[in-house]
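Here are my comments on the model, as numbered points. Please read them with the structure open.

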Amino acid sequence: MQLNMRMLKFCSAPWKTVTVQSSGDVQSCLCGDWNNAGTLGNLLTHTMGEIMQTANVNRLREGVLDQSFSLCKDVCPKVWSPEQVEKFPDYINHAAVMPTEILLAIDRRCNLKCPSCRVTNIFDKAVDPIARDILDTLVRSYREHTTPTVLQMDGDGDVFASEAWRQFLSRSDLPECFGYHIITNGNLVLKNKHILTRLRDRITSVDVSLDAAQEHTYSHIRGGRLETVIEGMKWMRGEGIRTHISFVTQRRNYREMLECWKLAQELGCHSINFQGIKRYPHMSVEYWQHNRLEGNPNVDMDYLHEALNTLSNAPTIVDFTGKSPPPVYMDGNLRKFIDQR
């Protein structure tokens with residue numbers, strides 16, 4: 001007779017995933033807002049190996065091991081669908097374990113002025129010295145590391161608008177373990193083909209922040225040219241570079257979620273990630289009241305619910321033939337609308 005084995009909930013983030021801010025501060029998970037562990041350390045004063053042995057990261061790990069997830073917030077998508085394992089992986093016992101997924105949000109330079117993330121244009125051709133120093137520390141920290149490690153860059157601006165990133169990607173001494181997940185608005189892809197071509201074999205994916213499926217909506221939300229972005233994504237597909245779409249859902253674009261999902265299929269994207277708009281300190285009261293989803297009388301909640309319900313039942317496996325739509329990921333800010341129905 002087969003005994004039923006109790007499955008354990010597990011999340012690898014406290015061991016393998018960190019976010020690095022423009023101050024050099026390191027937080028656990030792909031977004032520091034997903035947990036209450038606080039800052040783990042700072043890359044301007046310590047190596048990554050030293051930071052991953054601090055008290056705060058150990059507290060977050062204990063919450064996973066005792067199954068309480070006491071420091072995790074429900075906005076984290078993994079809280080809604082945690083991995084189920086029969087036993088914890090062996091690496092949790094290794095004191096010297098290093099992150100293998102690093103989101104770097106270290107340079108705010110961008111060629112666009114999207115109101116959801118800034119109120120002024122933040123762009124110049126100078127190298128940001130703090131971003132440069134953070135990247136130097138990462139190179140030193142991983143010089144002898146052999147486990148594949150993906151840098152997600154840049155979660156705070158655009159890689160192709162940052163001279164610090166452009167110089168970093170041209171270095172001849174980058175650790176062999178590094179792979180690159182590039183975050184971009186896509187408007188400068190065609191002007192930086194040389195970087196993408198040079199690193200093609202080490203690029204794990206390019207995540208394009210789209211936030212729209214129609215040109216007029218795109219121009220209002222992001223201020224660039226959707227046509228240029230789509231042309232760049234088609235070029236990347238032809239070069240065999242894996243692409244994804246990010247979509248920050250708000251009042252201006254929620255009716256284009258399903259259309260953007262279809263566009264992702266047409267462009268051969270491997271996934272699309274929907275996030276609910278969050279209020280940041282730079283947002284005025286008027287902007288937030290106009291664009292928020294929750295409690296907004298100008299948002300058709302029935303339509304939003306049906307769209308989210310459709311997306312929540314999307315395929316979970318990439319169809320490399322492009323005949324089926326790509327997998328969909330949603331954060332807790334959107335999933336709560338399904339549960340509130």
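How many disulfides does the structure hold? The points below start there. Keep in mind throughout that this is a predicted model.

1. Disulfides. The count is zero. A disulfide is a covalent bond between the sulfur atoms of two cysteines. The cut-off for calling one is a sulfur pair within 2.5 Å.

2. Cysteine 260. Why is cysteine 260 not bonded to cysteine 269? The sulfur of cysteine 269 is the closest cysteine sulfur to that of cysteine 260, but the two are 8.2 Å apart, so they are too far from each other for a bond. Cysteine 260 counts as buried, because its relative accessibility is 0%.

3. Cysteine 269. Seen from the other end, the result holds: cysteine 269 is in no disulfide, and its nearest cysteine sulfur is that of cysteine 260, 8.2 Å away. Is cysteine 269 buried or exposed? Its relative accessibility is 6%, so cysteine 269 counts as buried.

4. The second largest pocket. Its volume is about 200 Å³. The pocket is lined by 20 residues, and Cys269 is among the closest to its centre, together with Gly268, His270, Asp319 and Phe320. What is the class make-up of the lining? Nine residues are nonpolar, eight are polar and three are charged.

5. The cis peptide. Please look at the bond between methionine 153 and aspartate 154. The peptide bond joining them is cis, with omega at about -10°. Where does aspartate 154 sit? Aspartate 154 belongs to the loop that runs between strand E7 (149-153) and helix H6 (163-168).

6. Cysteine 29. This residue is not a glycine, yet its phi is positive, near 80°. Its place is the loop between strand E3 (25-28) and strand E4 (39-42). Cysteine 29 has 8% relative accessibility and therefore counts as buried. The cut-off for buried is under 20%.

7. Aspartate 211. Here too phi is positive in a residue that is not a glycine; the value is about 65°. Which elements flank the loop that holds aspartate 211? They are strand E9 (203-209) and helix H8 (215-221). Is aspartate 211 buried or exposed? Aspartate 211 counts as buried, because its relative accessibility is 2%.

8. Backbone places to check. Three spots deserve a second look in the viewer: the cis bond between methionine 153 and aspartate 154, the positive phi of cysteine 29, and the positive phi of aspartate 211.

Key
Residues numbered from 1 in each chain as written. Predicted model: local features only at pLDDT ≥ 70, side-chain atom pairs only at ≥ 80, totals over all residues. Heavy atoms only, no water. 1 Å grid on protein atoms, 1.4 Å probe; cavity = no way out; pocket = protein on both sides within 12 Å on 5 of 7 lines; lining within 4 Å. Points joined across faces, edges and corners; volume = space filled by probe spheres on them. Nonpolar A, V, L, I, M, F, W, Y, C, P; charged D, E, K, R; others polar. Buried < 20%, exposed > 50% of the residue type's maximum accessible area, 1.4 Å probe, protein only. Helix = DSSP H or I, 4+ residues; strand = E, 2+ residues; numbered from the N terminus.
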